[in-house]
Amino acid sequence: QRALAAELAEAAEYVRSLLPAPMSGPLAVRWDFESCSSVGGDSFGYHWIDEDRFAIYLLDVCGHGVGPALLSISVINLIRSGFRDPEVVADPASVTARLNDSFQMMDHGGMFFTLFYAVYDRRTSELTWCGGGHPPSLVMRAGGGHDWLPSQNMVIGAIPDMDAQTGTIKLAPGDRLFVFSDGVFELKTTAGEMWDYDEFQEFMSRPLDPDEDRIDTLRARGRELMGSEQFEDDFSILEIVFH
């Protein structure tokens, strides 16, 4: 058991080593990732496609253990270096459809994954996103208010020949995008019940205090609800600030 625990910890550390560093500049990106007690299937990334277009992605493979972690790494590596054509990488529908074709669950041990993939074009200040069974992402408006960005498609790998649908939203300077996996809200409370999803959405979308770190307050709220420091699933969240 000690040897297995050590190997799982090593695998979790390897997954963490693949995550990109926080960044500043025209876009400021920060994140939090806390691996669950086993090895989860969360992974994420972001990078400039060219001088104007920026890709953002987060995925969550079903289940825990080395198998989901390996699949997660395979998907991330394909997004980063497997799609050579910049016009493919800049098209969320194309990326989502190609990943769905490449990772059909019948060919990958019955595993599937959820996905959020988006591209921000600073020439138009538009974010185009494509979701595959993923929790809705959240845009907090600098001037007040918010928008939820729902998934438009099935989970990745469930059905062949996906006709991926996308959405587009206009962003303004100071707007913030939060992208996360279900591990941040699918929490069993000390009362033995799951955190109510409507309560989670209300918690996340309440007005931002200038001095508040929403990621820190979410993590603290989750631990308070669970009565534990250890999350049962990977806790993965990105915050992107648009300047």
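## Overall build

The protein has 6 helices and 10 strands. Keep in mind that this is a predicted model. Along the principal axes, the C-alpha atoms fill a box of roughly 55 × 45 × 30 Å. The radius of gyration is 17 Å, which agrees with the value near 18 Å that a compact globule of 243 residues would have.

Burial and contacts add to that picture. Of the 243 residues, 52% count as buried. Take the contacts with a separation of 6 or more: 65% of them come from residues 24 or more positions apart.

## The open sheet

Five strands make up an open sheet, and reading across it the order is S1-S10-S9-S6-S7, with antiparallel pairing. The edges belong to strand S1 (27–34) and strand S7 (146–149); each has a single partner strand, so one side of each is left without a neighbour in the sheet. On average, and ignoring direction, neighbouring strands here are turned by 15 degrees against each other.

As background, strands of a sheet pair through backbone hydrogen bonds, either parallel or antiparallel. Here is one pairing in detail: strand S6 (residues 137–140) and strand S9 (residues 176–180) run antiparallel and are joined by 3 bridges. If you want a pair to click on, Leu138 has Phe178 in S9 as its bridge partner.

## A helix under cover

Is helix H4 (residues 92–102) enclosed or open? With 8 of its 11 residues buried, H4 is largely enclosed by the rest of the structure. The buried residues are Pro92, Ala93, Ser94, Val95, Thr96, Ala97, Leu99 and Asn100.

What covers the buried residues of H4? The cover includes two helices, H2 (66–82) and H3 (86–89), plus two strands, S4 (113–121) and S5 (126–132).

## Charged pairs

Side chains of opposite charge can pair when their charged atoms come close. In this model the count comes to 18 salt bridges. One of them links Arg53 to Asp50, with the closest N and O atoms 2.7 Å apart. Arg53 counts as buried at 12% relative accessibility, while Asp50, at 27%, counts as partly exposed. Another joins Asp121 and Arg123 at 2.8 Å, N to O. Asp121 is on the buried side of the cut-off at 14%, and Arg123 is exposed at 55%.

Glu212 and Arg214 also form a salt bridge, and their closest N and O atoms are 2.8 Å apart. Arg214 is buried, with a relative accessible area of 1%. Then there's a network of salt bridges, which links Asp32, Glu34, Asp216, Arg219, Arg223 and Glu229.

## Cysteines without a bond

How many disulfides does a search of the whole structure find? It finds 0. Take Cys130: the closest cysteine sulfur is in Cys62, and at 19 Å from the sulfur of Cys130 it is too far for a bond, given that a disulfide needs the two sulfur atoms within 2.5 Å.

The surroundings of these two cysteines can be read from their accessibility. Cys130 is buried at 0% relative accessibility, whereas Cys62 is partly exposed, with a relative accessible area of 24%.

## Loops and backbone oddities

Most residues other than glycine have a negative phi, and most peptide bonds are trans. Ser125 goes the other way, with a positive phi of about 60 degrees although it is not a glycine. Ser125 sits in the loop between S4 and S5 and is partly exposed, its relative accessible area being 23%. Asp161 has a positive phi too, at about 55 degrees, and it is not a glycine either. The place of Asp161 is the loop between S7 and strand S8 (167–170), where this residue is exposed with a relative accessible area of 68%.

One more loop residue to look up is Ser228, found between helix H6 (214–226) and strand S10 (235–242). Ser228 counts as partly exposed at 30% relative accessibility. Along the chain, Ser228 and Pro20 are 208 residues apart, and their C-alpha atoms are separated by 28 Å.

Terms used:
Residues numbered from 1 in each chain as written. Predicted model: local features only at pLDDT ≥ 70, side-chain atom pairs only at ≥ 80, totals over all residues. Heavy atoms only, no water. Pairing = 2+ DSSP bridges. Helix = DSSP H or I, 4+ residues; strand = E, 2+ residues; numbered from the N terminus. Axes fitted to C-alpha atoms, helices over the stretch in contact; angles between N-to-C directions. Salt bridge = Lys/Arg side-chain N within 4 Å of Asp/Glu carboxyl O. Buried < 20%, exposed > 50% of the residue type's maximum accessible area, 1.4 Å probe, protein only. Contact = heavy atoms within 4.5 Å. Rg over C-alpha atoms; globule rule 2.2 N^0.38 Å.
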